[in-house]
Amino acid sequence: MKSIIFVPVKDYIKSRKHLFIKFVFPMVVAAIALAITLFFNFGDSEKLNSIFSEFISTQINIIAILISFSIAIITILVSADNRNIQELKKTLSNEKDYNSVNGKQLSLFQILLSNIAYNIICETVYLIFLIAVALTKSIFPIQLLKYVSAICIFIILHILLVLLESVALLALMLYIKLSYCGNTMATQNQIAYPILIMKIIVI
């Protein structure tokens with residue numbers, strides 16, 4: 001059961017060549033945020049506890065919305081069977097940006113699907129983590145809560161970067177749709193254009 005649940009995670013990690021970007025940037029921001037909280041005084045324990053509680057509560061609401069959004073996208077992708085989806089299934093991903101998985105180059109449709117599936121798994125695990133923190137935060141010392149906040153910043157930024165990549169790929173779908181006007185098939189350059197947008201967003 002565990003192996004089935006985390007197959008999208010394995011495929012996502014194996015297929016991405018520039019995956020480190022989505023980890024390094026959130027890590028740097030989280031480290032800066034942690035350093036600020038450690039070296040500057042933001043109030044007494046009661047005030048910091050209140051800020052932390054609001055921070056966790058806000059993130060729980062945001063992650064719940066993102067999970068619903070991601071599930072809605074997967075539902076649309078799986079149920080849709082139009083020319084745009086068929087074209088995405090036929091078009092292989094760029095070998096310069098994506099590794100093959102089990103000896104096969106993934107299609108753009110599989111890349112998008114793995115993105116969203118990976119995001120849903122990360123969001124779900126993170127939501128469980130946030131709920132656990134919300135229920136047990138009273139037993140943690142203030143200093144530890146600062147480290148927990150840094151971890152939260154790292155995870156939420158990572159999730160948002162992957163989500164931005166997914167949105168860029170969705171833009172690819174819309175671009176292909178526009179190129180079908182007048183029954184004209186999308187060219188390889190037209191298909192590659194949104195991938196360039198995605199690189200700009202992610203990098």
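**Exercise 1. The salt bridge**

Glu165 forms a salt bridge with Lys22. Work out how close the N and O atoms of this pair come, which helices the two residues sit in, and whether Glu165 is buried or exposed.

*Solution.* Keep in mind that this is a predicted model.
- Step 1: look at the side chains of Glu165 and Lys22, where the closest N and O atoms are 3.2 Å apart. A salt bridge needs a Lys or Arg nitrogen within 4 Å of an Asp or Glu carboxyl oxygen, so this pair qualifies.
- Step 2: place the partners. Glu165 belongs to helix H7 and Lys22 to helix H3, with their positions 143 residues apart, so the pair links distant parts of the chain.
- Step 3: check the cover. Glu165 has a relative accessible area of 3%, and because buried means under 20%, Glu165 is buried. Lys22 counts as buried too, at 3% relative accessibility.
- Step 4: count the salt bridges. The structure holds one.

As background, side chains of opposite charge can pair when their charged atoms come close.

**Exercise 2. The overall build**

How many helices and how many strands does the protein chain have? What percentage of its residues is buried?

*Solution.*
- Step 1: go through the elements from the N terminus, and you read α-α-α-α-α-α-α-α.
- Step 2: the tally is eight helices and zero strands.
- Step 3: for burial, take the 203 residues of the protein chain; 39% of them are buried.

**Exercise 3. A nonpolar patch on the surface**

Find the elements that give two or more residues to the nonpolar surface patch, and say which one gives the most.

*Solution.*
- Step 1: pick out the patch, which covers about 990 Å² and includes Phe20, Val24, Ile36, Phe40 and Tyr147.
- Step 2: match residues to elements. Helix H3 (21-39) and helix H7 (142-179) each give two or more.
- Step 3: H3 comes out on top, with six residues.
- Step 4: zoom in on one member, Ile36, which lies in helix H3. Its relative accessible area is 39%, so Ile36 is partly exposed.
- Step 5: turn to Ala35, also found in helix H3. Ala35 is partly exposed as well, with a relative accessible area of 28%. Although 112 residues apart along the chain, Ala35 and Tyr147 have C-alpha atoms separated by 9.7 Å.

**Exercise 4. The largest pocket**

Which helix supplies the largest share of the lining of the largest pocket, and how do the lining residues divide into nonpolar, polar and charged?

*Solution.*
- Step 1: start with the volume of the largest pocket, about 330 Å³.
- Step 2: find its centre. Of the 15 lining residues, Thr37, Leu48, Ile51, Lys146 and Ser149 are the closest to it.
- Step 3: sort by helix. H3, H4 and H7 each supply at least two lining residues, and H7 has the largest share, six residues.
- Step 4: sort by class. The lining has 12 nonpolar residues, two polar and one charged.

**Exercise 5. A cavity inside**

Which residues line the second largest cavity, and which helices each supply at least two of them?

*Solution.*
- Step 1: count the cavities of 30 Å³ or more; there are two.
- Step 2: take the second largest, with a volume of about 30 Å³.
- Step 3: list the lining, which is Ser70, Ile73, Ile116, Asn119, Leu163 and Ser166.
- Step 4: assign them. Helix H4 (45-79), helix H6 (108-136) and H7 each supply at least two.
- Step 5: by class, this lining has three nonpolar, three polar and no charged residues.

Notes:
Residues numbered from 1 in each chain as written. Predicted model: local features only at pLDDT ≥ 70, side-chain atom pairs only at ≥ 80, totals over all residues. Heavy atoms only, no water. Patch = residues over 30% accessible without salt bridge, like charges linked within 9 Å, V, L, I, M, F, W, Y side chains within 5 Å. Areas by Shrake-Rupley, 256 points an atom, 1.4 Å probe, with all protein chains shown as cover. Helix = DSSP H or I, 4+ residues; strand = E, 2+ residues; numbered from the N terminus. Buried < 20%, exposed > 50% of the residue type's maximum accessible area, 1.4 Å probe, protein only. 1 Å grid on protein atoms, 1.4 Å probe; cavity = no way out; pocket = protein on both sides within 12 Å on 5 of 7 lines; lining within 4 Å. Points joined across faces, edges and corners; volume = space filled by probe spheres on them. Nonpolar A, V, L, I, M, F, W, Y, C, P; charged D, E, K, R; others polar.
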